[in-house]
Amino acid sequence: MTTGTAYYLGLDLSTQQLKCTVMNDAHAIVLEEAVNFDRDLPEFGTKHGAIQNGDVVTSPTIMWVKAMDILFERLKKSSVIGNIQGISGAGQQHGSVYWSERGMKALHQLDASKTLAEQLSDGFAIDQSPIWQDASTTQECRSLENLVGGPQALADLTGSKGYERFTGNQIAKMYNTRRDAYDETKHISLVSSFIASVLLGRLAPVDSPEGSGTNLMNIQTHKWEDKLLKHCGGDSLHDKLGLEPVEGGVELGKIHPFFVERYGFHPECGIMPFTGDNSATLVSMNLKEGDCVVSLGTSDTVLVYLKQGAAKATTEAHLMAHPTDPTGFMGMLCYKNGSLTRQHIRDQYAHGDWDEFNKLLQEKSAKDCMGFYYSMQEIIPFAKGIYRFQKGQPVEEFADPSINVRAIVESQFLSMRIRLQRMTTVESKRILATGGAAANHEILKILSNVFGLPVYKQKGMNSASLGGSLLAKYGTLHGKTAFQDMMKQQQADEPELVCEPDLESTQQYAARLDEFNRLEKQVVDQQVS
Ligand code: ADP
Ligand code: XUL
């Protein structure tokens, strides 16, 4: 490769944007860029990056391809591109792409005189990719659980019980209801391995954390589980997935000449396995035991590093393979009603203004009020609708409606606190906050008070794409250096302390946990009756 500083590119194809981070060898961020789907690609008519049709939620596959065209066009203008040694990154988890035979051919023969979108526009057996917000496969979930002996048995085998958004259940729905399109599908990628495939010009494997988001991979061996594949997609699913999941720290191959000719990448630039946005976030924070990540993005997630032996599959949390420790695990809680639902409450009660939202957060107390805000079908608990209680009694609206602002934030964090305690016996010592809403100090203050823990934040805006650039560098080391050692060799910026808890307030929250559990149960029972 050319002389000069070495750079590493991390991409993150998230729900609302395609983001990228370029870091140098000293792990300092030198460039961040983002293509926003609604704003930069309005012709697709997405709202917050997605198209919702009841419980069916998708994104146009070719929109993601166009976003890549735009992003690389912007990067072309930067001086770093020829010195990028490796590329890795992340995708929103679970989403899937259905390549046709034609698409695979076009991928192999990418021509630098045309855009990616021009060449891949008729390359997919279906043009809408199901994404993680989809909740339309409950039947497929129960069927898969029944196959192996129930939800806990499926969790023991794959790390999670059957979840609507998990790729295996999405594939099963297509297999059962759109057989023609299924048969036309040559290969299936996840969002993460889709970007890696485009960069390689051939099918890329998923990594083991991404395999854990399918309900199809054995969580211990990290191999596809044949009986689950057959059940979800018949005999051909193994071939459609193509390759077994891989671990991080390897190089899949060199970048396709298309990117060298069209954008000026170096021909030796390596493409590393891409991972999920949550596992990439975990990588960016270099978690230690006792660290707990709270990511407040489109989804809200809670992430912990579980060493072998400390990890137990449950029917509430997800156990996923760890992106850089093949014997370790990532424990995760995932909430669908994260930023978009907070935003909805902001629009309704604070005139769409975060400053007004924050003022209400500071001024209002929700002591007698409890709310449960599931505008979209929630994952934990499986519930939908908005429910309010004042002095323990159900009400249509609080006496002071502006209390909803505080009630939603408190309710979201109380749920996390309760479930984190059930997920691991390792005591958390600090919270590392990230995601779009981590920009909001008032929200972080409540987070700190609910958990009774200090909250830290990392420099840089995009933790998943930063994690991607670290994984890119890790791959260039070809397994000769452990990830932890790679991190130790650099004087990286320590996360910055942003809030310390007010312990009196923490005690008050602790005193409300039983009531939270009781009222939440009431809401959930109401759903099934
Ligand atoms: P993605 O899931 O696409 O990676 P981000 O992590 O970029 O999403 O988060 C985007 C969300 O961040 C937006 O939907 C918005 O609601 C939220 N957000 C941005 N700024 C603020 C703020 N000041 N306060 C609260 N939420 C915010
Ligand atoms: C995790 C999940 C979401 C997506 C989008 O299971 O569904 O967090 O990864 O961010």
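Let me begin with a single contact, in which a polar side-chain atom of Q17 lies 3.3 Å from an oxygen atom of ligand 1. Please keep in mind throughout that what we are looking at is a predicted model, and that the distances I quote are computed from it.

Staying with ligand 1, we can add two further contacts to that picture. The side chain of Q343 places a polar atom 2.4 Å from an oxygen atom of the ligand, while in the case of G436 it is a backbone N or O atom that lies 2.9 Å from a ligand oxygen. As for how much of this ligand is covered, the protein takes up 79% of the 580 Å² of accessible area that ligand 1 has on its own.

Where does ligand 1 sit? Its place is in the largest pocket, and the elements that give two or more residues to its shell are strand 2, residues 17-24, and helix 15, residues 339-349. Of these, helix 15 provides the largest share, which is three residues.

In total, 16 residues surround ligand 1, and the closest are S14, K19, T298, Q343 and G436. If we sort the shell by class, we find four nonpolar, eleven polar and one charged residues. Domain 1 (7-279) and domain 2 (287-459 + 495-528) both contribute to this shell, and therefore ligand 1 lies between them.

Let me now turn to ligand 2, and again start from the contacts. The side chain of D277 has an N or O atom 2.4 Å from an oxygen atom of ligand 2, the corresponding distance for the side chain of H94 is 2.6 Å, and for the side chain of S299 it is 2.7 Å. How much of ligand 2 does the protein bury? Taken alone, this ligand exposes 290 Å², and the protein buries 97% of that.

The elements that give two or more residues to the shell around ligand 2 are helix 14, residues 277-285, and strand 16, residues 329-335. Among the residues around this ligand, besides the three I have just mentioned, you will find Q92, Q93, W132, R165 and N278, as well as T301, M332 and C334. By class, that shell holds three nonpolar, six polar and two charged residues.

Finally, which domains supply the shell around ligand 2? At least three residues come from each of domain 1 (7-279) and domain 2 (287-459 + 495-528).

Note on methods:
Residues are numbered from 1 along each chain as its sequence is written. Chains are lettered from A and ligands numbered from 1 in the order in which they are written. This is a predicted model: local features need pLDDT of at least 70, side-chain atom pairs count only at pLDDT 80 or more; totals for chains, interfaces and linings use all residues. Side-chain values use heavy atoms; hydrogens and water are left out. A residue is near a molecule or strand if one of its heavy atoms lies within 4 Å of it. A polar contact is a pair of N or O atoms within 3.5 Å; within protein, one must be able to donate a hydrogen and the other to accept it, and residues adjacent in sequence count only if both atoms are side-chain atoms. Accessible areas come from the Shrake-Rupley method with a 1.4 Å probe; for residues, only the protein chains shown count as cover. On a 1 Å grid over the protein atoms alone, a cavity is a set of points where a 1.4 Å probe fits but cannot get out, and a pocket is an open set with protein on both sides within 12 Å along at least five of seven lines; lining residues have an atom within 4 Å of a point. A molecule sits in a cavity or pocket if more than half of its atoms lie within 2 Å of its grid points. Helices (H or I, at least four residues) and strands (E, at least two) are DSSP runs, numbered from the N terminus. Ala, Val, Leu, Ile, Met, Phe, Trp, Tyr, Cys and Pro count as nonpolar, Asp, Glu, Lys and Arg as charged, and the others, Gly among them, as polar. Domain bounds come from an automatic or database domain assignment.
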